[in-house]
Amino acid sequence: MNSLKTLMRIGLSSLAAACLMAVAPAQAQTFPDKPVTMLVPFAAGGPTDVVARLIAIPMGKALGQTVLVENAAGAGGTIAATKTARSAPNGYTIFLHHMGMSTAPALYKKLTFDPLKDFDYIGQVVDVPMTLLARKDLPANTLPELLSYIKANREKVTLANAGLGAVSHLCGLLFMSAIDTDLNTIPYKGTGPAMNDLLGGQVDLLCDQTTQTVPMIKEGRVKAFGVTTLKRLSALPNLPTLDEQGVKGFEVKVWHGMYAPKGTPPEALNKLNAALRTALADPAVVKRLNELSSDVPPSDKITPEGLRTHLEAEINKWGPVIRKAGIYAD
């Protein structure tokens, strides 16, 4: 009798284990069965938000579910990164961030996440140049005139950014270093609000990504003094680079990556990566990115391995530079 009970217990345990094993693949096969949330670490209307909303629709079509863009702005992207790291690792929360993911470990003494330990990787997304802009009514019209204006008004000139540690902040720091002049920096919760104040004349200068600036430059709503790449942009062929205007070697190109919480099932990551690839191959997306002078990375970069390798290299690149400058965002 005891032997029979033992056999029954073993049989029931085996049956339960088999059921659990069957459920896991079934859940993976049905992913996603509800909308996916894409967290963006900056305000709506900013350049990273533009990229997110551009790819969200084709990604949603590929997944068969809506991809909702949620803005969680502040602290140079660390708020959204922390929220992602602490989210359930089920594939329903993903995170789009730019190169700030690689500078955060050096910029923050008390970082609440580890970019290399607390995330799984989906793939690189897009590379975006930047432009140096000024309010429309700033007296200067050329870079030499701008530098003269800065020299004469250095205590009054204001340089906006998207928050301490944001790419616009780093670009501004690099520009101030290049011209050996400290300016009054004004941090915002994203380049969207910063751009609004530049358009309104409340601030003088802003270094911002082409995903936001190209239309405004073409419409004459802001003054543009140069691009941050070493070659001119096809979308702005008449705008010279900062390098060719004498700020030698000045180059800032913003790369973006897509992440998920650590422990996300491989099946979900594979489907998200496939959806990202589909979105970046969409002719309408490619056309719009070209119009904004942004580039889709090579195929081998739009992979979990490609993103992680690039992220680690960028952490090693920016860390010593930031620590040497003694810059901290907290």
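**Exercise 1. Find out how confident the predictor is along the chain, and where its confidence is low.**

Step 1. Begin with the whole chain: its mean pLDDT is 90, and 91% of its residues reach 70 or more. Keep in mind that you are working with a predicted model.

Step 2. Now look for low values. Over residues 4-8 the pLDDT is below 50, and beyond near neighbours in sequence this stretch has zero contacts in the model.

Step 3. Move along to residues 20-26. Here pLDDT stays under 50, and the model shows zero contacts beyond four places in sequence.

**Exercise 2. Decide whether C171 and C207 form a disulfide, and describe the link.**

Step 1. Recall the cut-off: two cysteine sulfur atoms count as a disulfide when they lie within 2.5 Å.

Step 2. Compare it with the model. The sulfur atoms of C171 and C207 are 1.9 Å apart, so by the 2.5 Å cut-off the pair is a disulfide. The count by this rule comes to one disulfide.

Step 3. Place the two ends. C171 sits in helix 6 (residues 167-178) and C207 in strand 7 (residues 205-209); the two cysteines are 36 residues apart, and their link joins distant parts of the chain.

Step 4. Add the details. The link of C171 and C207 is right-handed, with 50° about the S-S bond. Are these two cysteines buried or exposed? Both C171 and C207 are buried.

**Exercise 3. Map the nonpolar cores, using M59 as your guide.**

Step 1. Start with the largest nonpolar core, which has 79 residues. M38, I55 and M59 are the residues with the most contacts inside it.

Step 2. Ask which strand gives this core its largest share. That is strand 4 (residues 119-134), with nine residues.

Step 3. Zoom in on M59. Once neighbours within four places in sequence are set aside, its contacts include M38, V67, I94 and M258. Also among them are L272, A275, L276 and A279.

Step 4. Look for another core. A second, separate one has 18 residues, including Y188, V203, V222 and L292.

**Exercise 4. Describe the largest pocket and the elements that line it.**

Step 1. Take its volume: the largest pocket holds about 460 Å³ of space.

Step 2. List its walls. The lining has 19 residues, and M99, E251, V252, K317 and W318 lie nearest the centre of the pocket.

Step 3. Turn to the elements. Helix 6, strand 9 (253-261) and helix 11 (304-325) each supply at least two lining residues.

Step 4. Which helix gives the most to the lining? Helix 11 does, with seven residues.

Key: Residues are numbered from 1 along each chain as its sequence is written. This is a predicted model: local features need pLDDT of at least 70, side-chain atom pairs count only at pLDDT 80 or more; totals for chains, interfaces and linings use all residues. Side-chain values use heavy atoms; hydrogens and water are left out. Helices (H or I, at least four residues) and strands (E, at least two) are DSSP runs, numbered from the N terminus. Buried means under 20% relative accessible area, exposed over 50%, partly exposed in between (1.4 Å probe, protein chains only). A nonpolar core is a set of buried Ala, Val, Leu, Ile, Met, Phe, Trp, Tyr and Cys residues joined through side-chain atoms within 4.5 Å. Contact means heavy atoms within 4.5 Å. pLDDT is the predictor's confidence in each residue, from 0 to 100. On a 1 Å grid over the protein atoms alone, a cavity is a set of points where a 1.4 Å probe fits but cannot get out, and a pocket is an open set with protein on both sides within 12 Å along at least five of seven lines; lining residues have an atom within 4 Å of a point. Grid points are joined across faces, edges and corners, and a volume is the space filled by probe spheres set on the points.
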